Amino acid sequence: MTDQPASPPKLKRSLTLLPLTLYGLGTTIGAGIYALIGEMALVAGYQMPVSFLIAAALATLTGFSFVELSSRYPKAAGEAVYVQQGFDRRWLTIVVGLLAVSAGTVSAASIVNGFVGYLQSFTDIHRTIIIVALMLGMTVVAAWGIGSSVAAAAILTVIEIGGLAIVIAAGGEHLADLPARINEFVPTFDAGMWAGIFAGSFLAFYAFIGFEDIVNMAEETKDPTRVVPWAIILTLAVTAVLYVLVSVVALLSVPLSELAGSAAPLKLVYARATGSSGALIGVIGILAMVNGALIQLIKGARVLYGLSRQGVLPAWFGQVNARTSTPLNATLLVGAAIFILALWFRLGGLAQATSLITLGVFSLVNLALVRVKLRDDPVDHTAIFNIPIWIPLGGFAVSAGFLLTKLVQLASG
């Protein structure tokens with residue numbers, strides 16, 4: 001009897017709703033929120049919570065497009081898969097997939113540089129040593145196994161969310177003042193006020209980007225057609241609640257004139273409420289940076305793996321290590337790319353490109369779902385989640401509108 005050849009190793013399905021949601025929260029609630037509150041207060045003033053609510057609603061339009069598409073096509077390299085299903089253009093699939101990897105890689109390298117800058121304010125260790133040590137550690141964790149890498153990300157995410165919870169608790173006593181001060185937070189019909197609110201929403205929109213990374217873990221998730229969509233929904237909901245609560249507490253705890261434009265607004269809120277230096281919040285901000293970079297490394301490797309499995313990249317990228325059940329080649333390649341970018345480039349301009357790439361991908365994903373719905377049965381009963389067609393149309397309008405605004409800003413500035 002002839003022995004059958006052994007099948008190649010596959011990704012291990014081990015993720016359930018809780019770790020996948022924590023993974024999504026870790027990539028959405030990044031270290032940026034620890035500084036964004038100050039910028040938002042400068043632009044939107046006491047209407048900052050309204051700006052966050054509007055941004056949450058706008059992000060949710062695209063979020064629900066990802067919800068339905070992940071229910072229909074639970075595959076790694078999700079964005080590329082969705083665009084392929086919608087447009088059936090191989091070249092566009094490759095472009096979208098590589099753009100997703102590029103955005104994640106540049107974002108991670110930017111975060112690493114931010115980590116280096118913050119750490120060097122406490123120590124004189126050379127930046128090269130810091131980058132080498134950080135990248136070696138993150139790459140080992142990402143390559144070791146999806147269970148251990150997502151567990152590490154989940155622990156850091158819990159600490160990260162805990163930092164926001166600490167700020168809310170520290171300034172929580174001021175929530176009793178909200179009924180007496182509610183008029184300060186309710187917008188009027190003043191055009192100038194609404195201009196500030198929408199400008200704040202534009203800033204806040206980017207604080208919700210990250211939920212889309214969840215779809216790239218579909219092939220390592222148990223029951224992905226249900227779990228992945230719910231992880232996206234929970235990530236967006238929890239993020240919105242935390243952002244609104246933090247913004248309300250910050251505005252009640254610190255005078256607007258001090259909060260507006262502060263480089264470390266949550267540290268200021270915590271220090272004012274507790275009488276301490278606020279160093280704890282600073283440390284949590286550092287851990288949030290590490291978490292963000294780790295998740296982008298994991299994501300990039302899964303996108304390359306998914307593109308390989310679709311046959312649009314060489315099989316080398318899709319090889320899964322038999323011991324770790326991870327795409328080891330893809331993980332090492334993405335880790336090396338992040339290392340090179342972080343070490344040899346200052347990524348101010350490239351970091352700006354990350355949001356442009358993401359908005360472009362969002363626009364195409366929304367259009368892909370519109371095309372799928374128009375081509376097929378709009379209510380596909382094989383899909384667990386079905387949304388009205390106006391939602392992806394709205395998601396496209398928002399994403400394309402933000403993208404156009406960004407491009408105009410860059411051209412004029």
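The exercises below work through charged pairs, one buried charge and one buried glycine in a predicted model.

Residues are numbered from 1 along each chain as its sequence is written, and side-chain values use heavy atoms, with hydrogens and water left out. Because the model is predicted, local features need pLDDT of at least 70 and side-chain atom pairs count only at pLDDT 80 or more, while totals for chains, interfaces and linings use all residues.

**Exercise 1.** Determine how R181 and E184 are related in sequence, in contact and in exposure.

Solution. Step one is the pairing: R181 forms a salt bridge (a side-chain nitrogen of Lys or Arg within 4 Å of a carboxyl oxygen of Asp or Glu) with E184, and their closest N and O atoms are 3.1 Å apart. Step two is the position: the two residues are separated by about one helical turn, because R181 and E184 stand three residues apart in helix α8 (residues 178-185), where helices are DSSP runs of H or I of at least four residues, numbered from the N terminus. Step three is the exposure: R181, at 22% relative accessibility, counts as partly exposed, and E184, with a relative accessible area of 32%, is partly exposed; the classes are buried under 20%, exposed over 50% and partly exposed in between, with a 1.4 Å probe and protein chains only.

**Exercise 2.** Establish which parts of the chain the salt bridge between R272 and E258 ties together.

Solution. The side chains of R272 and E258 meet at 2.5 Å, N to O. R272 belongs to helix α12 (residues 265-274) and E258 to helix α11 (residues 256-259), so the pair ties together parts that are 14 residues apart in sequence. R272 is partly exposed at 42%, and E258 is partly exposed at 36%.

**Exercise 3.** Decide whether E79 is buried or exposed, and describe its surroundings.

Solution. E79, placed in helix α4 (residues 78-87), is buried yet has no salt bridge, and the nearest side chain of opposite charge, K299, is 4.6 Å away; here Lys and Arg count as positive and Asp and Glu as negative, with His and the chain ends not counted. Among the residues that E79 touches (heavy atoms within 4.5 Å), leaving aside those up to four places away in sequence, are F66, V96, E212 and V361.

**Exercise 4.** Describe the setting of G395.

Solution. G395 lies in helix α16 (residues 390-412) and is buried, with a relative accessible area of 0%. Beyond residues up to four places away in sequence, G395 touches L61, T62 and N366. G395 and L61 are 334 residues apart in sequence, yet 4.8 Å apart in space, C-alpha to C-alpha.
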